[in-house]
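Student: I would like to learn how to read a model of this kind from the atoms upward. Could we start with one side chain and work outward from there?

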Amino acid sequence: MMLHFATKLRAGDALHLAIALNNGAKILYTLDDGLLHAAKLMSVYASRGIKT
């Protein structure tokens, strides 16, 4: 288990990130800026999923 307090995530967001990380998800889609930043810190590929 890795603790990474720099992510500053709420419990629900941390749970989503942990599930993606532990299950080898290829991509995590979110509109949450904090979750996008935390995913980058944890080496999980994340995207808004919206093309502009």
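Tutor: Let us begin with a polar contact, bearing in mind that this is a predicted model. A side-chain polar atom of serine 47 lies 3.0 Å from the backbone nitrogen of glycine 49. Serine 47 itself is found in strand β2, which spans residues 46–47.

Student: Which residues is serine 47 in contact with, once its neighbours within four places in sequence are left aside?

Tutor: Leaving those neighbours out shows what the fold brings together. For serine 47 the contacts are then Ile27, Leu28, Tyr29, Thr30 and Leu36. Of the places named there, residues 28–29 are strand β1, and α2 covers 33–41.

Student: How many helices and strands does the protein have, and in what pattern do they follow one another along the sequence?

Tutor: The secondary structure consists of 2 helices and 2 strands, and the pattern read along the sequence is α-β-α-β. Of the 52 residues, 27% count as buried. The accessible surface is about 4,200 Å², and carbon and sulfur atoms account for 60% of that surface.

Student: Which residues make up the largest nonpolar core?

Tutor: A core is best read in two steps, by listing its members and then by asking which elements supply them. Here the core has 10 residues, namely Leu17, Ala20, Leu28, Leu35, Leu36, Ala38, Ala39, Met42, Val44 and Ala46. Two or more of these residues come from each of the elements α1 (11–22) and α2 (33–41), and α2 gives the most, with 4 residues. Valine 44, one of the core members, touches Leu17, Leu21, Leu28 and Ala39 when residues up to four places away in sequence are not counted.

Student: Why do the buried residues of α2 lie on the same side of the helix?

Tutor: The general idea is that an α-helix has 3.6 residues a turn, so residues three or four places apart point the same way. In α2 the buried residues are Leu35, Leu36, Ala38 and Ala39. They cover an arc of only 165° around the axis, which puts them on the same side of α2. The elements that cover these buried residues include α1, β1 and β2, whereas the face turned away from the buried side carries the exposed residues Asp33 and Lys40.

Student: What is found at the two ends of α2?

Tutor: At the N-terminal end, aspartate 32 acts as a cap, with a side-chain oxygen 2.8 Å from the backbone nitrogen of glycine 34. Just after α2, serine 43 takes a positive phi of about 60°.

Student: How many salt bridges are there, and which side chains do they join?

Tutor: The count comes to 3 salt bridges, and for each one it helps to ask about the distance, the exposure of the partners and their places in the chain. Arginine 10 pairs with aspartate 13, their closest N and O atoms being 2.7 Å apart. Arginine 10 is exposed, at a relative accessible area of 55%, while aspartate 13 is buried, because its value of 13% falls under 20%.

Arginine 10 also meets aspartate 32 in a salt bridge of 3.1 Å, N to O. Because arginine 10 lies in the segment before α1 and aspartate 32 in the loop between β1 and α2, this pair ties together parts that are 22 residues apart in sequence. Aspartate 32 is partly exposed, at 23%.

In the remaining bridge, aspartate 33 and arginine 48 meet at 2.1 Å, N to O. This pair links distant parts of the chain, with aspartate 33 in helix α2 and arginine 48 in the segment after β2, 15 residues apart. Aspartate 33 is exposed at 51%, and arginine 48 is partly exposed at 37%. Through shared partners, salt bridges join Arg10, Asp13 and Asp32 into one network.

Student: Where does aspartate 13 lie, and which residues is it in contact with beyond its neighbours within four places in sequence?

Tutor: A residue of this kind is read by its element and then by its surroundings. Aspartate 13 lies in helix α1, and with those neighbours left aside it is in contact with Asp32 and Leu35. Aspartate 13 and leucine 35 are 22 residues apart in sequence, yet 6.5 Å apart in space from C-alpha to C-alpha. For the protein as a whole, among contacts between residues at least 6 apart in sequence, 27% join residues at least 24 apart.

Definitions and conventions
Residues numbered from 1 in each chain as written. Predicted model: local features only at pLDDT ≥ 70, side-chain atom pairs only at ≥ 80, totals over all residues. Heavy atoms only, no water. Polar contact = N/O pair within 3.5 Å; in protein donor to acceptor, adjacent residues only side chain to side chain. Contact = heavy atoms within 4.5 Å. Core = buried A, V, L, I, M, F, W, Y, C linked by side-chain atoms within 4.5 Å. Buried < 20%, exposed > 50% of the residue type's maximum accessible area, 1.4 Å probe, protein only. Areas by Shrake-Rupley, 256 points an atom, 1.4 Å probe, with all protein chains shown as cover. Salt bridge = Lys/Arg side-chain N within 4 Å of Asp/Glu carboxyl O. Arc of directions from axis to C-beta.
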